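I opened this model to look up its fold, its surface and its side-chain contacts. My entries follow in the order in which I made them.

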Amino acid sequence: DDLRALILRTARMINALGEDDEEQALKLYPQSFGLLCRTILLHEDEQAVAGASLSLHASKKDLICSTDSLVAALQATHEHIQDLFAQVDEAQRTQQRLDAVARCASRCAS
């Protein structure tokens, strides 16, 4: 804002000068040139910030994709673990039935 105000003030002063004000124009020239240089640097800074912002946005999108992939992998792992627990439960029931058959066979044999 300060730079913008300074540019506007200098531009008004230069516009107010007549053709006979060459000495005053020469006094304003260094200030005008300095403002131009600062404006160019500010513009370069704005471009760098815009580039960094785009890079950050791309990184954010990559992070979101990675997070989505991680969530999907965790859900698949959870489902696989649930399946394994179900298989263990079924194996325990089968073992209990086999133990019952073995006890019955042992009683029948004696």
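Before anything else I fixed my exposure terms: buried means under 20% relative accessible area, exposed means over 50%, and partly exposed is in between (1.4 Å probe, protein chains only). The model is predicted, so I noted that local features need pLDDT of at least 70, that side-chain atom pairs count only at pLDDT 80 or more, and that totals for chains, interfaces and linings use all residues. Residues are numbered from 1 along each chain as its sequence is written, and side-chain values use heavy atoms, with hydrogens and water left out.

Entry 1, overall. I looked up the secondary structure and found two helices and zero strands. Helices (H or I, at least four residues) and strands (E, at least two) are DSSP runs, numbered from the N terminus. Of the 110 residues of the chain, 5% count as buried. I put the exposed area of the chain at about 9,500 Å², with carbon and sulfur atoms supplying 60% of it. Accessible areas come from the Shrake-Rupley method with a 1.4 Å probe; for residues, only the protein chains shown count as cover.

Entry 2, salt bridges. My criterion was a side-chain nitrogen of Lys or Arg within 4 Å of a carboxyl oxygen of Asp or Glu. The search of the whole structure gave two. Glu90 pairs with Arg93 at 2.8 Å, N to O. Both residues lie in helix α2, three residues apart, about one turn of the helix. Arg97 also meets Glu90, at 3.5 Å, N to O. These bridges share partners and join Glu90, Arg93 and Arg97 into one network. I then checked exposure: Glu90 is partly exposed at 36%, Arg93 is partly exposed at 39%, and Arg97 is partly exposed at 46%.

Entry 3, cysteines. I counted as a disulfide a pair of cysteine sulfur atoms within 2.5 Å. The count came to zero. Cys104 is in no disulfide, and its nearest cysteine sulfur, that of Cys108, is 4.1 Å away. That distance is too far for a bond, so Cys108 is not bonded to Cys104. Cys104 is partly exposed at 39% relative accessibility, whereas Cys108 is exposed at 63%.

Entry 4, nonpolar surface. I took patches as residues with over 30% relative accessible area and no salt bridge, joining like charges within 9 Å and nonpolar side chains (Val, Leu, Ile, Met, Phe, Trp, Tyr) within 5 Å. Phe33, Leu36 and Ile40 form one nonpolar patch, with about 290 Å² of accessible area together. I placed Ile40 in helix α2, residues 22–109. Ile40 is partly exposed, at 42%.
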